[in-house]
Amino acid sequence: MSAFLSRYKLAFTRQESILVLITMVWGGTFLAVHHAMTVSGPFFFVGTRFATAALLLALFSWRSLRGLTRTELKAGALIGVAIGCGYGLQTWGMQTISSSKSAFITALYVPLVPVLQWMFLGRLPGVMAWVGIVLAFAGLMLLAGPEGGSLAFNAGELATLLSTLAIAAEIILISAYAGKVDVKRVTVVQLAVASLFAFVLMAPNGESVPAFSPYLVGSAVGLGIASAIIQVTMNWAQRSVSPTRATVIYAGEPVWAGIVGRFAGERLPAVALLGGALIVAGVIVSELKLKGKKRAKEEPSPQEREAS
């Protein structure tokens with residue numbers, strides 16, 4: 001064991017630690033969204049949630065918005081559409097499928113990110129990153145515990161499956177534009193675009209504006225604040241955290257969702273607890289770095305790519 005530890009070092013940067021923190025907040029919103037579907041349609045709720053987030057952030061950064069560039073507008077629009085698709089489809093699916101099934105299907109974005117970044121950005125993840133992703137994905141399968149071991153998708157499950165592509169695209173787009181744009185300006189644009197996109201989708205979904213509900217207002221405002229914090233932090237942190245490492249950290253979302261669910265009365269079986277342990281192991285393994293070997297064989301960080 002000592003020989004193993006001498007060959008590897010565990011390094012968590014400040015940005016990575018903060019991503020872990022916001023992932024805890026992110027996971028805690030899952031139960032709130034699920035309950036909100038009893039008083040609102042999915043796309044109206046998503047639109048209201050991100051409109052609140054956009055307005056809140058705009059109030060704190062309105063002066064910087066004057067310097068908005070075309071690149072920032074394009075980046076914000078692309079990321080916003082990805083966010084609107086991801087959250088909208090996932091929320092729509094939560095009307096008809098269980099939270100565990102939704103968590104399992106959503107977890108498919110974990111292996112999608114390194115594959116898509118390899119295809120579109122030419123960034124090949126290192127060995128340790130791949131091992132971490134495999135562990136995290138295996139843990140997520142155990143944590144979710146799909147009923148009967150079957151993957152016969154219904155409409156809600158297919159919608160959630162499609163949302164994983166949008167979530168993966170969001171993470172990759174944020175990393176692609178990191179360091180090239182102003183974080184505050186882009187975040188305001190992406191939140192506003194996500195809101196408008198969700199409201200537009202109300203028509204084809206046959207949604208109408210729901211009746212006033214204190215819970216709807218409270219959850220939309222609360223989640224709007226959380227969304228603003230999450231999006232700003234993701235944009236800031238991924239300036240120096242690679243997409244693969246960020247993805248493995250985000251894979252902890254169902255763990256924190258399960259913890260919140262436990263406080264709400266849910267109980268995780270032993271196999272789900274084992275899945276949570278594998279996810280934690282995946283996060284740790286993904287951060288292990290070989291000593292005495294050239295890092296050129298591993299996935300370089302954004303800072304290293306800029307320096308080369």
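1. A salt bridge here is a side-chain nitrogen of Lys or Arg within 4 Å of a carboxyl oxygen of Asp or Glu. Keep that cut-off in mind for glutamate 207. This is a predicted model. Glutamate 207 is buried but has no salt bridge. Its nearest side chain of opposite charge is arginine 49, and that is 13 Å away. Because a salt bridge has to fall within 4 Å, arginine 49 at 13 Å does not qualify.

2. What does the side chain of glutamate 207 reach? One partner is the backbone nitrogen of phenylalanine 44, at 3.1 Å. The backbone nitrogen of phenylalanine 43 also lies 2.9 Å from a polar atom of the glutamate 207 side chain. So this buried acid has polar partners in the backbone at phenylalanine 43 and phenylalanine 44, by the 3.5 Å limit for a polar contact.

3. Now the setting. Glutamate 207 sits in the loop that links α10 (202-205) to α11 (214-237). Setting aside neighbours within four places in sequence, glutamate 207 contacts Gly41, Pro42, Phe43, Phe44 and Met202.

4. Serine 40 belongs to another loop, the one between α2 (14-36) and α3 (42-61). Is serine 40 buried or exposed? It counts as buried, because its relative accessibility is 7% and the limit for buried is under 20%. Its contacts, not counting residues up to four places away in sequence, are Phe45, Pro210 and Leu216.

5. How far apart are serine 40 and serine 213 in space? The C-alpha to C-alpha distance is 9.0 Å, although 173 residues separate the two in sequence.

6. Next, the surface. Phe212, Val217, Val221, Ile225 and Ile229 make up a nonpolar surface patch. Together they have about 470 Å² of accessible area. Valine 217, one of these residues, is in helix α11. It counts as partly exposed because its relative accessibility is 37%, which falls between the 20% and 50% limits.

7. Last, the whole protein. It has 15 helices and 2 strands. Of its 308 residues, 49% are buried. Among contacts with a separation of 6 or more, 92% join residues 24 or more positions apart. The pair of serine 40 and Pro210 is an example of two residues in contact. The accessible surface comes to about 14300 Å², and carbon and sulfur atoms hold 69% of it.

Terms used. Residues numbered from 1 in each chain as written. Predicted model: local features only at pLDDT ≥ 70, side-chain atom pairs only at ≥ 80, totals over all residues. Heavy atoms only, no water. Helix = DSSP H or I, 4+ residues; strand = E, 2+ residues; numbered from the N terminus. Buried < 20%, exposed > 50% of the residue type's maximum accessible area, 1.4 Å probe, protein only. Lys, Arg positive; Asp, Glu negative; His and termini not counted. Polar contact = N/O pair within 3.5 Å; in protein donor to acceptor, adjacent residues only side chain to side chain. Contact = heavy atoms within 4.5 Å. Patch = residues over 30% accessible without salt bridge, like charges linked within 9 Å, V, L, I, M, F, W, Y side chains within 5 Å. Areas by Shrake-Rupley, 256 points an atom, 1.4 Å probe, with all protein chains shown as cover.
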